[in-house]
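The report that follows describes helix packing, nonpolar cores, selected buried residues and some backbone details of one protein chain. It is best read with the structure open alongside.

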Amino acid sequence: MEKIGIIGAMPEEVLLLKNRMSGVSIEKVAGLEIYCGEMHGKKVCLCQSGMGKVARGAATQVLCLKYGIDKMIFSGIAGNMTTKIGVGDVCLGKEVMYHDADLRMIAQHYPNLTSYKGDEGLLEAAGRACREIGANYIEGKIATGDQFVGDSRTKNKIRDFCDPDCVEMEGAAVAHIAAKNDVPCLVIRSMSDNADEAATEKLIVKQFDISEYADHAAKICELTVKYC
C-alpha cells in the first residue's frame with residue numbers, strides 16, 4: 001500500500017486531517033508527534049513541526065527515513081507576490097526555491113539543483129482537488145526564506161532575485177530534503193496576505209483567525225491524497 005507523508009503548517013489543519021484518518025496511531029520522534037493511519041485506501045504519516053527551514057527539513061527527513069514514505073505533501077499559508085491570484089487563492093508549487101541562499105553552493109551537493117520541481121502526478125491531483133472545492137489556483141513558483149516578509153522593501157528585493165508567485169518560510173526545505181531522498185513532493189500554499197506592511201499588521205500584530213485557511217488546506221490535502 002502506498003504511503004504518503006503530509007506536513008501541515010498549522011496545528012488546526014493537522015487536527016482536521018487526523019480526524020479524517022482511520023486506525024490512527026501516534027508516535028513521538030525527534031520532538032514530533034507523528035500520526036499514522038489510513039486515508040482513502042492509502043497509508044498516511046502526518047505531522048506538524050516548528051517554523052523555518054531547519055524544522056521542516058528535519059521533519060521531512062524523519063518521514064522519509066523512518067517511515068519510508070513514497071510521496072510528500074506540504075501545505076500551509078504564504079504571502080502573495082503576483083497579480084495572477086489573490087488572498088484566499090492557492091499556489092501549487094510547480095517550482096520551489098530558496099530566496100535567501102547562495103544557490104550555486106546549494107547545488108554542489110545531491111540532488112545538485114538550484115530549484116525543486118513539483119511532482120507532476122501530485123500537481124495533477126492537487127489541481128483536481130482545488131477544482132472540486134471551487135478553489136482558484138495556479139501552478140507557480142514558491143520562494144522560501146527564514147524570514148517573515150511583511151514590508152515592501154523586502155518583497156521587492158525577493159521579486160528582483162527570483163520573481164516568485166508567493167513567499168513563505170519552509171517549502172524549499174521540504175522539497176530539497178524530499179529530493180535528496182528521491183521522494184516525489186508537492187508544496188501547496190494558500191495566500192493569507194500580500195507580503196507587505198498590511199501582512200505584518202494582519203498576521204503578527206492582530207494574530208488573525210486561521211481556522212478558515214486550515215479548513216481550506218485540509219480539504220485540498222485530503223483530496224490530493226485521494227486522487228494521487
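In this predicted model, helix α4, which spans residues 120–133, packs against helix α8, residues 211–227, at an angle of about 130°, and the two axes are 8 Å apart. Because angles from 115 to 145 degrees fall outside the roughly perpendicular and roughly antiparallel ranges, α4 is classed as oblique to α8. The crossing of these two helices is right-handed. On the α4 side the contact is formed by L122, A125, A126, R128, A129, C130, E132 and I133, and on the α8 side by H216, K219, I220, L223, T224 and Y227. Sorted by class, the residues in this contact comprise 9 nonpolar, 2 polar and 3 charged.

A second helix pair is formed by α2, residues 53–65, and α6, whose axes are also 8 Å apart but which pack at an angle of about 30°. Since angles under 35 degrees count as roughly parallel, α2 and α6 are therefore roughly parallel to each other. Here too the crossing is right-handed. K53, R56, G57, T60, Q61 and C64 of α2 meet A173, V174, I177 and A178 of α6, and the residues of this contact divide into 5 nonpolar, 3 polar and 2 charged.

The two helix pairs are set out together below.

| Helix pair | Angle between axes | Distance between axes | Crossing |
|---|---|---|---|
| α4 and α8 | about 130° | 8 Å | right-handed |
| α2 and α6 | about 30° | 8 Å | right-handed |

The nonpolar interior can be considered next. In soluble globular proteins, nonpolar side chains tend to be buried together. The largest nonpolar core of this model holds 44 residues, and within it I34, L63, Y67 and M72 touch the most other members. Helix α6, residues 171–180, gives the most to this core, contributing 6 residues. When neighbours within four places in sequence are left aside, M72 is in contact with G5, I6, I7, T60, L63, L122, V174, A178, V183, P184, C185 and L186. Apart from this core lies another one, of 27 residues, which includes I6, L123, A218 and V225.

Which residues does E13, a glutamate of helix α1 (residues 11–19), touch beyond its neighbours within four places in sequence? They are G8, S75, A214, A217, A218 and C221. E13 counts as buried because its relative accessibility is 0%. Its C-alpha atom is separated by 22 Å from that of V149, a residue 136 places away along the chain.

Another glutamate, E168, is located in strand β9, which covers residues 166–168. With a relative accessibility of 4%, E168 counts as buried. Not counting residues up to four places away in sequence, E168 touches F74, I77, A78, H99, I142, A143, T144, G145, V187 and R189.

Several loop positions deserve separate description. The peptide bond from Y110 to P111 is cis, with omega near 15°, and P111 lies in the loop that runs between α3 (103–106) and β7 (116–117). D163 has phi near 45°, a positive value in a residue other than glycine, and is placed in the loop between α5 (152–162) and β9. D182 likewise has a positive phi, near 55°, without being glycine; the loop that holds D182 connects α6 and β10 (185–193). The relative accessible area of D182 is 56%, so this residue is exposed.

G68, in contrast to the positions just described, is itself a glycine, and it is found in the loop between α2 and β5 (71–80). Its relative accessible area of 40% makes G68 partly exposed. Not counting residues up to four places away in sequence, G68 touches K3 and L63. Measuring from C-alpha to C-alpha, G68 and V183 are 9.4 Å apart in space, although 115 residues apart in sequence.

Definitions and conventions
Residues are numbered from 1 along each chain as its sequence is written. This is a predicted model: local features need pLDDT of at least 70, side-chain atom pairs count only at pLDDT 80 or more; totals for chains, interfaces and linings use all residues. Side-chain values use heavy atoms; hydrogens and water are left out. Axes are lines fitted to C-alpha atoms, for helices over the stretch in contact, and angles run from 0 to 180 degrees between N-to-C directions. Helices (H or I, at least four residues) and strands (E, at least two) are DSSP runs, numbered from the N terminus. Angles under 35 degrees count as roughly parallel, over 145 as roughly antiparallel, 65 to 115 as roughly perpendicular and the rest as oblique. A crossing is left-handed if the near helix is turned anticlockwise from the far one by less than a right angle, and right-handed if clockwise. Contact means heavy atoms within 4.5 Å. Ala, Val, Leu, Ile, Met, Phe, Trp, Tyr, Cys and Pro count as nonpolar, Asp, Glu, Lys and Arg as charged, and the others, Gly among them, as polar. Buried means under 20% relative accessible area, exposed over 50%, partly exposed in between (1.4 Å probe, protein chains only). A nonpolar core is a set of buried Ala, Val, Leu, Ile, Met, Phe, Trp, Tyr and Cys residues joined through side-chain atoms within 4.5 Å.
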